[in-house]
Amino acid sequence: MLLPSPLLAESVDDVETVHGLALYDDPALPADFDHFPHVDPEAPKGGRLRRAATGSYDSTNPFIIRGTPATGLTQTYDTLLTTNPDEPFSMYGLIAEGIRLDPDRRWMEFDIRPDARFHDGEPITADDVVFSLNTLVKQGRPFYASYYADVTNVAALDERTVRFEFAEDNSRELPLILGQLPILPAHFWKDREFSSTTLDKLLGSGPYRIDEIDPGRRISYRRVEDYWGRDLPVNKGRYNIDHLIYDYYRDQTVALEAFKAGNLDMRMESSARLWATAYEFPAAEEGFVERLTLPDGQPAGMQAYILNLRREQFQDRRVREALNLAFNFPWLNDNLFYGAYERTHSFFENSEMAAEGLPSKEELALLTPHRDSLPKEVFTRRLPVDHPSDRRERLKEAYELLLEAGYEVRDGIMVDSDTGTPLTVEVLLYDSQFERVVQPWLHNMDRLGIQGRIRLVDVNQYLSRLRDFDFDIIVGSFPQSTNPGNEQREFWTSPYADQPRSRNLIGLRDPVIDTLVEQLIRADSREALDTAARALDRVLRWGFYVVPQWHLAGTRVAMWDKFDWPEPFPRYQQDMDAWWVDPDQAQAVRERQRNE
């Protein structure tokens, strides 16, 4: 390990030690804050929360490329810092009690709390932090190498002080995302193979520990009663529920029936149809089931049909645009979704980072150097894309694009004019509920002569194919925060196009996009970040790499009426860790369920 130079070491005395960080300004809460404003510090402890998970699992290590990790494992690990859900991007000390950030942003240091402990009682030290970063970057999922790419060195200066050194022109977000580093116990992994799957109860330091492992069926967690961080200001009023259980179901329809029967306590409902029609059962009508939509202040991001550029049929932008034209969202929303959704256009939907109209002067400064490599529409056409609203006009335009791309119709089938190869697409799914949503799109493709089909597989096979990018089209998403940063590399840039399990699902290898991503990451102001995001958004949208779907500005939750929560809800993130079980309501629910 490299230690800081004497010059840098002397400069440390001039750097203030602080309790929290914000991306551009100062954190909202003072050093002596007692608890997050949105929580109830007197919330009761106890009770159980049972939810559904999809598919199966074969590993309790969530950090590696191998295996399918169980749901909920990150609750067993603490991080250096933690976010306040009521601020757009501020972080406060968790494992770290003190933070020093070089004014030139070339290094930072964390002071580890002396009482920070793993679940076996061993202290958390600076060596554990060094071990965690090095292990995750070298042996973890590709995400970690991308996320921490600008860290050039990490060293333990003493037992409780760790120092990170940064590359020049690093991301302004880097100090905050280092705070998100999960801290692993070096002593526990000393004689274990980190990169191998396991079903052991791995050691962490967080508010919960693994309680029961039943592979393929269930995993449960117990609240750690002597949790070292229970009285910290960032934790007061949180982690109130004693027992968290995730039961596994291969079919969401079965999971819904399990909820209605009282075998699950809570359900996040993703289907507008089910939200509108499936919750009229006796217990709900008697007031024992509550439904609410939790507000979400984050950008909606992009949920879409993702087109895999590794497939030959998607290489031509005109083919990709034709597939966009074949998708008829208004019909779906009116006939299948009960008018519940809004159409998604931007990769940063529902935020100031979404590109609109023609490029601004500031966007042009980023885009013009690449004019020869970009579609002319980036500079000449307004956003959102002005496709016709009438289905026949859309299909006519799609047909003309396919002809321009070198296809023609023979015996009702769209084929390559030179080779006679049919234009075919396969939509890979693991949930049968989505078939009814895909079918109208395939029907429109069929009118164009495109041969489309659905391939429904079980979750494990789906994840295996996803890991190897073995698909034509999938339903996927690119979630965004109010402050996008290093994770954008893994979404869009060339080095991640062929890394198994990376989130570059499209398979993008575009030097222009690579450059725009770096400019976004290195933005030094809110205005510069918004401009870079809009430029990137504009290029991605005119590439037609996905067929955008829809979004809802909130999360639909159905629950048996035994939970309570503080209000108002935090503005930027949901915080269900601040919820609790009301013992009187829980007893009433149990009695109702026994009488079924």
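Start with the open sheet of this predicted model: select its four strands, which lie in the order β2-β11-β10-β9 with mixed pairing. The edge positions belong to β2 (48–54) and β9 (208–214); each has a single partner strand, so one side of each is left without a neighbour in the sheet. Direction ignored, neighbouring strands here are turned by 20° against each other on average.

Stay with β9 and add strand β10 (residues 218–223). The two run antiparallel and are joined by six bridges. For a single pair to display, take Asp214, which stands opposite Arg218 in β10.

Next, select strand β20 (residues 473–478) together with strand β14 (residues 302–307). Six bridges join these strands, and they run antiparallel. Show Gln303 as sticks: its bridge partner in β20 is Ser477. Now add strand β18 (residues 424–429). Two bridges join β18 to β20, and here the strands run parallel. Leu428 is the residue to pick, with Ile474 as its bridge partner in β20.

From β20, go to Trp441. Which residues does Trp441 contact, leaving aside its neighbours within four places in sequence? The list is Tyr305, Leu323, Ala326, Phe327, Val427, Ile473 and Val547. Tyr305 falls within the residue range of β14 (302–307), Val427 within that of β18 (424–429), and Ile473 within that of β20 (473–478).

Trp441 also leads to the largest nonpolar core, which has 81 residues; Trp441 and Trp492 are those with the most contacts inside it. To see where the largest share of this core comes from, select helix α18 (residues 526–542), which supplies eight residues. Another core lies apart from it and has 57 residues; Ala116, Val130, Val154 and Phe194 are among them. In soluble globular proteins, nonpolar side chains tend to be buried together.

The last stop is a pair of helices. Select helix α9 (residues 317–325) and helix α13 (residues 391–404): they pack at an angle of about 165°, with their axes 8 Å apart. Angles over 145 degrees count as roughly antiparallel, and that is why α9 is described as roughly antiparallel to α13. The crossing of these two helices is left-handed. To view the interface, show Arg318, Val319, Glu321, Ala322, Asn324 and Leu325 on the α9 side. In α13 they meet Arg394, Glu397, Ala398, Leu401, Leu402 and Glu404.

Technical notes. Residues are numbered from 1 along each chain as its sequence is written. This is a predicted model: local features need pLDDT of at least 70, side-chain atom pairs count only at pLDDT 80 or more; totals for chains, interfaces and linings use all residues. Side-chain values use heavy atoms; hydrogens and water are left out. Two strands pair if DSSP finds at least two bridges between them. A nonpolar core is a set of buried Ala, Val, Leu, Ile, Met, Phe, Trp, Tyr and Cys residues joined through side-chain atoms within 4.5 Å. Buried means under 20% relative accessible area, exposed over 50%, partly exposed in between (1.4 Å probe, protein chains only). Contact means heavy atoms within 4.5 Å. Axes are lines fitted to C-alpha atoms, for helices over the stretch in contact, and angles run from 0 to 180 degrees between N-to-C directions. Angles under 35 degrees count as roughly parallel, over 145 as roughly antiparallel, 65 to 115 as roughly perpendicular and the rest as oblique. A crossing is left-handed if the near helix is turned anticlockwise from the far one by less than a right angle, and right-handed if clockwise.
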